[in-house]
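Load the model in your viewer and switch to a cartoon view. The stops below say what to select and what is there.

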Amino acid sequence: MAILQSQPRIGEVKASVDTALASLQTTLRELNREIWSNPETAYEEHKAHDAICNFLEAEGFSVTRHAYGLNTSFEATSGSGGRLINFNAEYDALPGIGHACGHNLITTSSVAAFLALSAILKRYGIPGRTQLLGTPAEENGGGKAKLIDAGAYKGVDISLMAHAGPKKLFPGVEATGVGGVLMNARKEIHCEFIGKSAHAGGNPWEGVNALDALVTSYNNVAVLRQQLQPDERVHCAFLDTPKVANVIPAYTKAYWQVRSPTLKGLNRLMARVRNCIEAGALATGCEAKIIENELYTDIKLNGTLCERYQAHMGKYGRNVLKSHDKVLTGSSDIGNVSYLMPTLHTMFGIPAPEGSFPHHPSFAAAAGTDDAHGEAVVVGKSLAMIGWEMVTDDVLFKQAKQQWEECIRE
C-alpha cells in the first residue's frame, strides 16, 4: 500500500478528526438550527447561504459568496497540492413543509467533513485540498447541473456527501444507513399548447381548444403508464388553465417530470412521453411548444467509496450496508456529478416516527432534533476519513477511479 513512512496510522487520524470537531459542537448545532428554522426554497436560500458563509469565515476560511454565477451558492477551499476532495452542501427546503428532506443535515455533515479534513491535512502537513461547495436548488432547479456548467467541479478528484433518511430505509433491512443507494434519472418536459379562442356557446366550432390538447396529452400519458417499468415514473403539473368556462381556451401550460433507473432508459421513456404530448396537439389542431430541461442523471455507485464509508461508520458503532440494489424512485442532481468523477451519495438513518420518510412533514420535525444533528456529525467524520484516504492512499484512489471508469463505459 502506498503510504508514506511519516504518515499517521488510521486510528490516530480518527482521533484527530474527533478532536478537530469536539470544540465546534455548539456552533455546528447553532448553524444546523439556523438553517432548519428558516426553510427556503430553490434559489431563495439567502439566509442559509449567509449563515454558512459567516460560520466558515469565523473559523478562518476564505469563502467565495454567490459563487459561479449563482446567487445562493458559495465555495470554500483549503490545503495545497495533491488531490482535491469535494463536499456538497445542500440547504434548500420544500414548499410548505420546510426541511422535510433534511437538507439542513446534509449541510451539517458536509461542513463537519470539510472542517475535519482541512484540520488533519494541515496538522500532518499532507499535500491535499478540500472544497466545500454550496449547491442550491437540489429539490427543483438542478443547482449542481448549473454548477457543473459553470466549472465548479473542475479539477475535483472525489466528490462526497450524505443524505438523511429514516433508520428503516428499506423493508426488512436492519441497518442504520446505506453506503450507496440507486436513484432514478429524471428530466422535465415543459409544454405550452397554442390554440384559438372562440365563444364556447355561440361559435365553438371556430375555436381550437388548448385545454383539450392538454387533457388529451395527459390521458395519453396515463395510458402509457400501463407499459412503464416498475421503477419508472411520470408526473404532471398543470400550470396555466382556463379561468372561465364560456370561452374556448387558446392557451394552456403544463410540465412533466419523467423518471427511469438509468439514463438510457430515461432517454427512451422521454421519447414516448413526448409522443403522447405531441399527439394531443395533433388530435386537437393545436400547436405544441415543448422544452426539455433539468436533467438529473442516475447515480453511478462506487464500490470502493461505499466500502470505506461502511468501514468508517462501523468504527463509530453504526451498522451500515455497503449498498442496496433497490432503486429509490426519487432523483438527485448529485447523479450528474457521479458521471464526472467517483462520487459517494450515502444515506444515513435518523430517529423518526414510524412510517416517516423524506418529503413528509413528520420528517421535517425529525430533521431538527439533537439526535439527528449528532448522526450528521458522525457521518461528517466518516466522510472526512474517506477524504483522507483518497488523498493519501494511492491504491485506494486508483481503485475508486478505475471502478468509476468501468461504470461510465457500461
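Before the first selection, one cut-off: a residue is called buried when its relative accessible area is under 20%, exposed when it is over 50%, and partly exposed in between. Keep in mind that this is a predicted model.

**Stop 1: helix H4**

Select Ile120, which sits in helix H4. Its relative accessibility is 1%, so Ile120 counts as buried. Now show its surroundings. Leaving out residues up to four places away in sequence, Ile120 touches Val13, Ser16, Val17 and Trp388. Draw a distance from Ile120 to Lys14, C-alpha to C-alpha. The viewer should give 9.4 Å, for a pair 106 residues apart along the chain.

**Stop 2: just past H4**

Move on to Ile126. This residue lies in the loop between helix H4 (103–124) and strand E4 (128–134). Is Ile126 buried or exposed? With 12% relative accessibility, Ile126 falls under the 20% cut-off and therefore counts as buried. Its contacts, again without residues up to four places away in sequence, are Leu121, Trp388, Val391 and Thr392. Trp388 is thus on the contact list of Ile120 and on that of Ile126. Add a second distance, from Ile126 to Gln7. Their C-alpha atoms are 8.2 Å apart, with these positions 119 residues apart along the chain.

**Stop 3: the largest nonpolar core**

Select Leu56 and Leu383. They have the most contacts inside the largest nonpolar core, a set of 65 residues. Colour helix H11, residues 370–392, next. H11 gives this core its largest share, 12 residues. Another core lies apart from it, with 24 residues, including Ile189, Cys191, Leu266 and Leu269.

Go back to Leu383 and list its neighbours. Which residues does Leu383 touch, not counting those up to four places away in sequence? They are Phe87, Ser109, Ala113, Leu160, Met161, Ala162, Tyr309 and Leu344.

**Stop 4: two backbone exceptions**

Most residues other than glycine have a negative phi. Two residues to check against that background follow.

Select His66, in the loop between strand E1 (63–65) and strand E2 (74–80). Its phi is positive, about 50°, although His66 is not a glycine. His66 is partly exposed, at 42% relative accessible area.

Then select Tyr68, in the loop between E1 and E2. Tyr68 is not a glycine either, yet has a positive phi of about 55°. Its relative accessible area is 30%, so Tyr68 is partly exposed.

**Stop 5: zoom out**

Show the whole protein. How many helices and strands does the protein have? There are 12 helices and 14 strands. The radius of gyration is 23 Å, close to the 22 Å that the globule rule gives for 410 residues, so the protein is as compact as a globular protein of that length. Along the principal axes, the C-alpha atoms fill a box of roughly 85 × 40 × 40 Å.

Colour by accessibility. Of the 410 residues, 54% count as buried. Switch to a surface view. The accessible surface comes to about 16,900 Å², and 52% of it belongs to carbon and sulfur atoms.

Finally, colour by charge. The protein carries 38 positive and 43 negative side chains. The centres of the two sets lie 4 Å apart. As for contacts between residues at least 6 apart in sequence, 80% join residues at least 24 apart.

Technical notes
Residues are numbered from 1 along each chain as its sequence is written. This is a predicted model: local features need pLDDT of at least 70, side-chain atom pairs count only at pLDDT 80 or more; totals for chains, interfaces and linings use all residues. Side-chain values use heavy atoms; hydrogens and water are left out. Helices (H or I, at least four residues) and strands (E, at least two) are DSSP runs, numbered from the N terminus. The radius of gyration is taken over C-alpha atoms; the globule rule is 2.2 Å times the number of residues to the power 0.38. Buried means under 20% relative accessible area, exposed over 50%, partly exposed in between (1.4 Å probe, protein chains only). Contact means heavy atoms within 4.5 Å. Accessible areas come from the Shrake-Rupley method with a 1.4 Å probe; for residues, only the protein chains shown count as cover. Lys and Arg count as positive and Asp and Glu as negative; His and the chain ends are not counted. The place of a charge is taken as NZ of Lys, CZ of Arg, CG of Asp or CD of Glu. A nonpolar core is a set of buried Ala, Val, Leu, Ile, Met, Phe, Trp, Tyr and Cys residues joined through side-chain atoms within 4.5 Å.
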